[in-house]
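Me: I would like to learn how the labels used for a protein model are justified. Could we take them one at a time, setting each value against its rule?

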Amino acid sequence: MPSHTFSVNGKSVTVDAPDDMPLLWVLRDLLGVRGPKYGCGIDVCKACTSHLDGRAMNPCVVPVSDADGRNVTTIEGLADGDKLHPVQEAWLDQDVAQCGYCQPGQIMAAVALLRRTKNPSDEDIDAIANVCRCGTYFRIREAIKKAASMMQ
């Protein structure tokens, strides 16, 4: 079985897994990283949103071979020690989460957006395609705007 070496949340890991195994299974089942959630498995709900070299991706449809030599960041790797990322702080301040299942993916998508756009418009925020079954989209929008102001 092939070996794959890459970084997860700043730590180098090597796993033995088929090249086409979804990265989400490697993260959750082989490495015990539980932040990225399984939702649809077909890149629709985006509950698993994480970052690959700083860009949002959905590991449910990314084969582990694509991660070789690259940096994977999940919600667990977003904070700096005990200091939360501004998006995480804004999420708490705006009391965004209801059931919480989609929140790691939502936060990772928001962080990726704020890396691309310092002052996102409502349209920019609405372009985030992550699904929230609880319908907290208004609070998500407010949290992203608050995080944007905190990051300036």
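**Labels and their reasons**

Reply: Let us begin with the strands of this predicted model: strand 1 (residues 3–8) and strand 2 (residues 11–16) run antiparallel and are joined by six bridges.

Me: Why are strand 1 and strand 2 called paired?

Reply: Two strands pair if there are at least two bridges between them, and six bridges join strand 1 to strand 2, so the pair meets the rule. As one example of a bridge partner, Ser 7 has Ser 12 in strand 2. Two residues lie between the strands of this hairpin, and Asn 9 takes a positive phi near 55° there.

Me: What makes Lys 46 and Asp 43 a salt bridge?

Reply: The rule asks for a side-chain nitrogen of Lys or Arg within 4 Å of a carboxyl oxygen of Asp or Glu; the closest N and O atoms of Lys 46 and Asp 43 are 3.1 Å apart, and therefore the pair counts as a salt bridge. By this rule the count comes to six salt bridges.

Me: Why is Lys 46 called buried, and what is Asp 43 called?

Reply: Buried means under 20% relative accessible area, and Lys 46 has 17%, so Lys 46 counts as buried. Asp 43, with 32%, falls between that cut-off and the 50% above which a residue is exposed, and is therefore partly exposed.

Me: How do you know that Arg 70 and Asp 53 form a salt bridge, and what does the pair tie together?

Reply: Their closest N and O atoms are 2.8 Å apart, which is within 4 Å, so the pair qualifies. Arg 70 lies in the loop between strand 4 (55–57) and strand 5 (71–73), whereas Asp 53 lies in the loop between strand 3 (50–52) and strand 4, so the pair ties together parts that are 17 residues apart in sequence.

Me: What makes Arg 141 and Asp 126 a salt bridge?

Reply: The closest N and O atoms of Arg 141 and Asp 126 are 2.4 Å apart, so the pair meets the 4 Å rule. The pair links distant parts of the chain, with Arg 141 in helix 5 and Asp 126 in helix 4, 15 residues apart. Asp 122, Asp 126, Arg 141 and Lys 145 are linked in a network of salt bridges.

Me: Which residues line the largest pocket, and which helix gives the most to the lining?

Reply: Arg 141 and Asp 126 are among the lining residues, together with others including Tyr 137 and Phe 138. Helix 5 gives the most, with four residues.

Technical notes. Residues numbered from 1 in each chain as written. Predicted model: local features only at pLDDT ≥ 70, side-chain atom pairs only at ≥ 80, totals over all residues. Heavy atoms only, no water. 1 Å grid on protein atoms, 1.4 Å probe; cavity = no way out; pocket = protein on both sides within 12 Å on 5 of 7 lines; lining within 4 Å. Buried < 20%, exposed > 50% of the residue type's maximum accessible area, 1.4 Å probe, protein only.
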